[in-house]
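Work through the exercises below with the sequence and the model side by side. Try each task before reading its solution.

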Amino acid sequence: MAEPSIVTKWDFLFSWMLIGVERAEGRFSAADTPRGAQAVAVFTDEELARRQLPGDVFDIKAISARDLLMMMPPGFGIVIDPGGEVG
């Protein structure tokens, strides 16, 4: 099993990640959550991001976690590496 690349909150806050930006609307890629809460999908691996985000719909962009957090509306969560071995 792969080791998680983000283990602590500090790993997260000082990390760079990949995010899908929908071409048509400019929205971030969404992620399914167990309780149905709204969440943004971010990726630590480009190959996983390309597998999960259709290239005809999303552009993959690098973003720092701090910048992402400043843009997110209240009540949204973040799901790291959805569909990956260690999500």
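The exercises go from the overall fold to single residues and then to charged pairs.

This is a predicted model, in which local features need pLDDT of at least 70 and side-chain atom pairs count only at pLDDT 80 or more, while totals for chains, interfaces and linings use all residues. Residues are numbered from 1 along each chain as its sequence is written, and side-chain values use heavy atoms, with hydrogens and water left out.

**Exercise 1. Fold and dimensions**

Task: List the secondary structure elements in sequence order, then judge the radius of gyration against the globule rule.

Solution. Start with the elements, which are DSSP runs numbered from the N terminus (helices are H or I, at least four residues; strands are E, at least two). The protein has three helices and four strands. In sequence order they give α-β-β-α-β-α-β.

Next, apply the rule: 2.2 Å times the number of residues to the power 0.38, with the radius of gyration taken over C-alpha atoms. For 87 residues a compact globule would come near 12 Å, and the protein agrees because its value is 12 Å. The C-alpha trace spans about 35 × 30 × 25 Å along the principal axes.

Last, look at the contacts, meaning heavy atoms within 4.5 Å. Of the contacts with a separation of 6 or more, 72% join residues 24 or more positions apart.

**Exercise 2. Two residues and their cover**

Task: Classify Ser29 as buried or exposed, and do likewise for Ile80.

Solution. The classes rest on relative accessible area: buried is under 20%, exposed is over 50%, and partly exposed lies in between (1.4 Å probe, protein chains only). Buried residues make up 31% of the 87 residues.

Ser29 sits in the loop between strand 1 (16-22) and strand 2 (39-43). Its relative accessibility is 1%, so Ser29 is buried. Beyond its neighbours within four places in sequence, Ser29 touches Ile19, Gly20, Ala39, Val40, Ala41, Leu53 and Phe58.

Ile80 belongs to strand 4 (residues 77-80). With 23% relative accessibility, Ile80 is partly exposed. Ile80 and Ile19 are separated by 61 residues in sequence, and their C-alpha atoms are 9.9 Å apart.

**Exercise 3. Charged pairs**

Task: Find which residue pairs with Glu22, which with Glu46 and which with Arg51, and give the accessibility class of Glu22.

Solution. Side chains of opposite charge can pair when their charged atoms come close. Count the charges first, with Lys and Arg as positive, Asp and Glu as negative, and His and the chain ends left out. The protein has 8 positive and 13 negative side chains.

A salt bridge needs a side-chain nitrogen of Lys or Arg within 4 Å of a carboxyl oxygen of Asp or Glu. The structure holds four of them, including the three worked through here.

1. Glu22 pairs with Arg27, with the closest N and O atoms 3.0 Å apart. Glu22 is buried at 17% relative accessibility, whereas Arg27 is exposed at 51%.
2. Glu46 pairs with Arg50, with the closest N and O atoms 2.7 Å apart. Both lie in helix 2 (residues 46-52), four residues apart, about one turn of the helix. Glu46 is partly exposed at 42% and Arg50 is exposed at 52%.
3. Arg51 pairs with Glu47, with the closest N and O atoms 3.1 Å apart. Arg51 and Glu47 also lie in helix 2, four residues apart, and both are exposed.

How values were computed: Charge placed at Lys NZ, Arg CZ, Asp CG, Glu CD.
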